[in-house]
Amino acid sequence: MVELRLPADRDLLFLARMVAEGLAGTGEFSLDEIADLRLAVEEAVSVIALRADDGAEVECVFRHDSRITVTMATSSSAMLPPGPDEVGWHILRALTDSVATWTEPGPDPHGWRLCLEFTKEPRTGGP
């Protein structure tokens, strides 16, 4: 498991992409699957960062076993996480094997914790 916390700044997307690419490169993922994973991470960080409160962080947790599971969260005054009515959701569905979003009460009584999780499984057995 790898945990990454970064400011909710879309200019820092490359850090999350690098972690995902590094983890996938050590497993059974093909080059195309690694590219899909990078794009999915970029899209996920982007849609979460757009909803983040000013000064918030995006927390990214990468788990690697037979597949890669990526969980992202941020604090937000917006209650609704990304969903099926958005283009980003459809991009994530196309690039990954599963996508889920949910909202939890945040540490601030007037705020929320928006969460997004997806998985990517290897299909071809390596590069």
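Trainee: Which residues of helix H1 meet helix H2, and how is such a contact read?

Mentor: Contact means heavy atoms within 4.5 Å, and the elements themselves are DSSP runs numbered from the N terminus (helices: H or I, at least four residues; strands: E, at least two). Here Leu13, Ala16, Arg17, Ala20, Glu21, Ala24 and Gly25 of H1 meet Ile34, Leu37, Arg38, Val41, Glu42, Val45 and Ser46 of H2. These residues comprise eight nonpolar, two polar and four charged; Ala, Val, Leu, Ile, Met, Phe, Trp, Tyr, Cys and Pro count as nonpolar, Asp, Glu, Lys and Arg as charged, and the others, Gly among them, as polar.

Trainee: On what basis do these statements rest?

Mentor: The model is predicted: local features need pLDDT of at least 70, side-chain atom pairs count only at pLDDT 80 or more, and totals for chains, interfaces and linings use all residues. Residues are numbered from 1 along each chain as its sequence is written, and side-chain values use heavy atoms, leaving out hydrogens and water.

Trainee: At what angle do H1 and H2 pack?

Mentor: Two packed helices are described by the angle between their axes and the distance between the axes. Axes are lines fitted to C-alpha atoms, for helices over the stretch in contact, with angles from 0 to 180 degrees between N-to-C directions. H1 and H2 (residues 31-51) pack at about 150 degrees, their axes 9 Å apart. H1 is therefore roughly antiparallel to H2, a label for angles over 145 degrees (under 35 is roughly parallel, 65 to 115 roughly perpendicular, the rest oblique).

Trainee: In what order do the strands form the sheet?

Mentor: Two strands pair if DSSP finds at least two bridges between them. The five strands form an open sheet in the order E1-E2-E3-E5-E4, with antiparallel pairing. Strands E1 (2-7) and E4 (98-105) are the edges, each pairing on one side only. On average, neighbouring strands are turned by 15 degrees against each other, direction ignored.

Trainee: Where do the helices lie on this sheet?

Mentor: H1 (residues 13-25) packs on the sheet, touching E1, E2 and E3, and its direction makes about 5 degrees with that of E2. H3 (residues 87-95) lies across E4 and E5 (112-120), running at about 135 degrees to E4.

Trainee: How many bridges join E2 to E3?

Mentor: Seven bridges join E2 (residues 57-64) to E3 (residues 68-76), and the two run antiparallel. Phe62, for instance, has Val70 in E3 as its bridge partner.

Trainee: What pattern does the chain follow along the sequence?

Mentor: The chain follows β-α-α-β-β-α-β-β.
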